[in-house]
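Here is a short tour of a protein model, meant to be read with the structure open beside you. Feel free to pick out each residue as it comes up.

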Amino acid sequence: MQLRKRLFMISGGTYGRLGNAYAIQHVRGYVLIDCSVPAAQETIRKNLHYWGIPENEITHVLLTHGHDDHAGCAAYFQLKGAKVCVGSADAHMLINGNFGPDSPQTNHVMPACCPDILLEHDTVLDVGGLSIRVFTMRGHTDGSVIYYLHLDEDEVLFAGDMFFT
């Protein structure tokens, strides 16, 4: 679903899938904000195709945290060439493909991947003409982050599950 001129929702509750995923167009391709559960991969691929977004033009996957309902398709897009970004304290979830050995939630699994960019403190990511402010917001997970950017005439905030906590 197109939310704004360069902003698309490509997975989530609207599509009967857990975990929202968004695509934002920039001058060299697209950034994904979160990428839903592993089972949503085909939904995401169909929506990208519908909106004419080539998978190989996804340059970055910015994760609000490392849970499988937000990072479930990160490994897939990394294999296609995207850089995966996550809060450093959540990197182990992506590397292990689960919440970790101490978690009672053993059913939360995803294909493992090694993040390319670890977000350790508030910073700004410059991606294809987008200036994306990153705020480290320990809360829902120790590695939770919030992304904020100006997109054309709009100010957009991606908070993941921060307000769900």
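What follows goes through the nonpolar cores, a few buried residues, the salt bridges and the cysteines. Please keep in mind that this is a predicted model. Two cores are described, one of 29 residues and another of 20 residues. The count of salt bridges comes to six, while the count of disulfides is zero.

**Nonpolar cores**

- The largest nonpolar core has 29 residues, and those touching the most other members are Ile 10, Ile 44, Val 61, Leu 63, Phe 77 and Leu 94.
- Both strands and helices build this core: at least two residues each come from strands S2 (7-11), S3 (21-26), S4 (29-33), S5 (58-62) and S6 (83-87), and from helices H1 (41-50), H3 (74-79) and H4 (91-96).
- Which element gives the most to this core? That is H3, with four residues.
- Phe 77 is a good residue to display with its surroundings: leaving out residues up to four places away in sequence, Phe 77 touches Leu 32, Ile 44, Leu 48, Ile 58, Val 61 and Ala 82.
- Apart from the largest core lies another one of 20 residues, including Leu 7, Ile 24, Leu 62 and Tyr 147.
- As general background, nonpolar side chains tend to be buried together in soluble globular proteins.

**Phe 8, in strand S2**

- Phe 8 sits in strand S2 and has a relative accessibility of 6%, so it counts as buried.
- Neighbours within four places in sequence aside, Phe 8 is in contact with Met 1, Gln 2, Leu 3, Ala 21, Tyr 22, Ala 23, Tyr 30, Trp 51 and Ile 53.
- Phe 8 and Leu 48 are 40 residues apart along the chain, and their C-alpha atoms are separated by 9.0 Å.

**Asp 161, a buried acidic residue**

- You will find Asp 161 in the segment after strand S11 (154-158).
- What is the nearest side chain of opposite charge to Asp 161? It belongs to Arg 138, 16 Å away, and Asp 161 has no salt bridge although it is buried.
- The side chain of Asp 161 does make a polar contact with the side chain of His 140, at 3.3 Å.
- His 140 is also among the residues in contact with Asp 161, along with His 65, Asp 69 and His 70, when neighbours within four places in sequence are left aside.

**Ser 144, in a loop**

- Ser 144 belongs to the loop between strand S9 (130-136) and strand S10 (145-151).
- Is Ser 144 buried or exposed? Its relative accessibility is 3%, so Ser 144 counts as buried.
- A polar contact of 3.0 Å joins the side chains of Ser 144 and Thr 141.
- Not counting residues up to four places away in sequence, Ser 144 touches Thr 64, His 65, Asp 90, Phe 135, Thr 136, Met 137, Arg 138 and Met 162.

**Salt bridges**

- Arg 4 and Asp 154 meet through their side chains in a salt bridge, at 2.8 Å from N to O.
- Because Arg 4 lies in strand S1 (residues 2-4) and Asp 154 in strand S11, this pair ties together parts that are 150 residues apart in sequence.
- Both partners are partly exposed: the relative accessible area is 42% for Arg 4 and 25% for Asp 154.
- Arg 45 and Glu 42 form a salt bridge at 3.6 Å, N to O; both lie in helix H1, three residues apart, about one turn of the helix.
- Arg 45 is partly exposed at 31%, and Glu 42 is partly exposed at 41%.
- Lys 80 and Glu 55 form a salt bridge at 3.8 Å, N to O.
- This pair links distant parts of the chain, with Lys 80 in the loop between H3 and S6 and Glu 55 in the loop between H1 and S5, 25 residues apart.
- Lys 80 counts as partly exposed at 38% relative accessibility, whereas Glu 55 counts as buried at 14%.
- Glu 42, Arg 45, Glu 55 and Lys 80 are linked in a network of salt bridges.

**Cysteines**

- Why does Cys 113 form no bond with Cys 114? The closest cysteine sulfur to that of Cys 113 is in Cys 114, 7.5 Å away, and this is too far for a bond.
- Cys 113 is buried, with a relative accessible area of 8%.
- Cys 114 is likewise in no disulfide.

Note on methods:
Residues numbered from 1 in each chain as written. Predicted model: local features only at pLDDT ≥ 70, side-chain atom pairs only at ≥ 80, totals over all residues. Heavy atoms only, no water. Disulfide = S-S within 2.5 Å. Buried < 20%, exposed > 50% of the residue type's maximum accessible area, 1.4 Å probe, protein only. Core = buried A, V, L, I, M, F, W, Y, C linked by side-chain atoms within 4.5 Å. Contact = heavy atoms within 4.5 Å. Lys, Arg positive; Asp, Glu negative; His and termini not counted. Salt bridge = Lys/Arg side-chain N within 4 Å of Asp/Glu carboxyl O. Polar contact = N/O pair within 3.5 Å; in protein donor to acceptor, adjacent residues only side chain to side chain.
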